Amino acid sequence: MTWDEVRKLYPDQFVKFKIIESHIEGNKEYVDEVAIIKAIEDGKEAMKEFIQRKEGEYIYSTKNEKLIIDLVKHIGIRRSV
């Protein structure tokens, strides 16, 4: 399902989903297709779902016109002993 379809089906809600298809440009992942797991109407419930989500699951608001994820490289901290 495309993000536009999700936004029409679940207006002004949060949705929990998995990414089916996406492409990367620079440091951003542009999501082309998703599989909806659950629609969430309440912000508190969305936060609970966010905390309990499994790897590869995302929570996002359908108020956003585009579904773009910033990619961040984790840089470890070294400590010399």
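Two strands count as paired if DSSP finds at least two bridges between them. With that in mind, welcome to this structure, which is a predicted model.

**The strands**

Strand 1 and strand 2 make a hairpin, with two residues between them. Gly26 sits in that turn and has a positive phi of about 65°. The two strands, strand 1 (14–25) and strand 2 (28–40), pair in the antiparallel sense over 11 bridges. To find one place along this pairing, look for Ile24, which stands opposite Glu29 of strand 2.

Strand 1 has another partner as well: five bridges join it to strand 3, and these two strands also run antiparallel. Here Lys18 has Glu57, in strand 3, as its bridge partner.

Ile40 belongs to strand 2 too. Is Ile40 buried or exposed? With a relative accessible area of 2%, Ile40 is buried, because buried means under 20%. From the C-alpha atom of Ile40 to that of Lys54 the separation is 16 Å, and these residues are 14 apart along the chain.

**The salt bridges**

How many salt bridges does a search of the whole structure find? The answer is five. The table shows some of them, with the N to O distance for each pair.

| Pair | N to O distance |
|---|---|
| Lys16 and Glu49 | 2.8 Å |
| Lys16 and Glu57 | 3.5 Å |
| Lys38 and Glu45 | 3.8 Å |

Lys16 is a good residue to follow, as it appears in two of these rows. Its bridge to Glu49 links distant parts of the chain: Lys16 is in strand 1, while Glu49 is in helix 2 (residues 43–52), 33 residues apart. Lys16 and Glu49 are both buried.

Why does the bridge between Lys16 and Glu57 tie together separate parts of the sequence? Lys16 lies in strand 1 and Glu57 in strand 3 (residues 57–61), so the pair joins parts that are 41 residues apart in sequence. Glu57 is buried, as is Lys16.

The side chains of Glu45 and Lys38 meet in a salt bridge of their own. Glu45 has a relative accessibility of 29% and therefore counts as partly exposed. Lys38 is partly exposed too, with a relative accessible area of 34%. Taken together, Lys16, Lys38, Glu45, Glu49 and Glu57 are linked in a network of salt bridges.

**Charge on the surface**

Now turn to the surface. Which residues gather there in a patch of negative charge? They are Asp4, Glu5, Glu21, Asp32, Glu33 and Glu65. Two elements, helix 1 (3–9) and strand 2, give two or more residues each to this negative patch.

One member of the patch, Asp32, has its place in strand 2. Asp32 is partly exposed, because its relative accessible area is 31% and partly exposed covers values between the buried limit of 20% and the exposed limit of 50%.

**A residue in a loop**

Finally, take a look at Asp12, in the loop between helix 1 and strand 1. Asp12 has a positive phi of about 50° although it is not a glycine. Is Asp12 buried or exposed? Its relative accessible area is 55%, so Asp12 is exposed. In the turn of the hairpin, by contrast, the residue with a positive phi is a glycine, Gly26.

Conventions
Residues are numbered from 1 along each chain as its sequence is written. This is a predicted model: local features need pLDDT of at least 70, side-chain atom pairs count only at pLDDT 80 or more; totals for chains, interfaces and linings use all residues. Side-chain values use heavy atoms; hydrogens and water are left out. Patches are made of residues with over 30% relative accessible area and no salt bridge: like charges are joined within 9 Å, nonpolar side chains (Val, Leu, Ile, Met, Phe, Trp, Tyr) within 5 Å. Accessible areas come from the Shrake-Rupley method with a 1.4 Å probe; for residues, only the protein chains shown count as cover. A salt bridge is a side-chain nitrogen of Lys or Arg within 4 Å of a carboxyl oxygen of Asp or Glu. Lys and Arg count as positive and Asp and Glu as negative; His and the chain ends are not counted. The place of a charge is taken as NZ of Lys, CZ of Arg, CG of Asp or CD of Glu. Helices (H or I, at least four residues) and strands (E, at least two) are DSSP runs, numbered from the N terminus. Buried means under 20% relative accessible area, exposed over 50%, partly exposed in between (1.4 Å probe, protein chains only).
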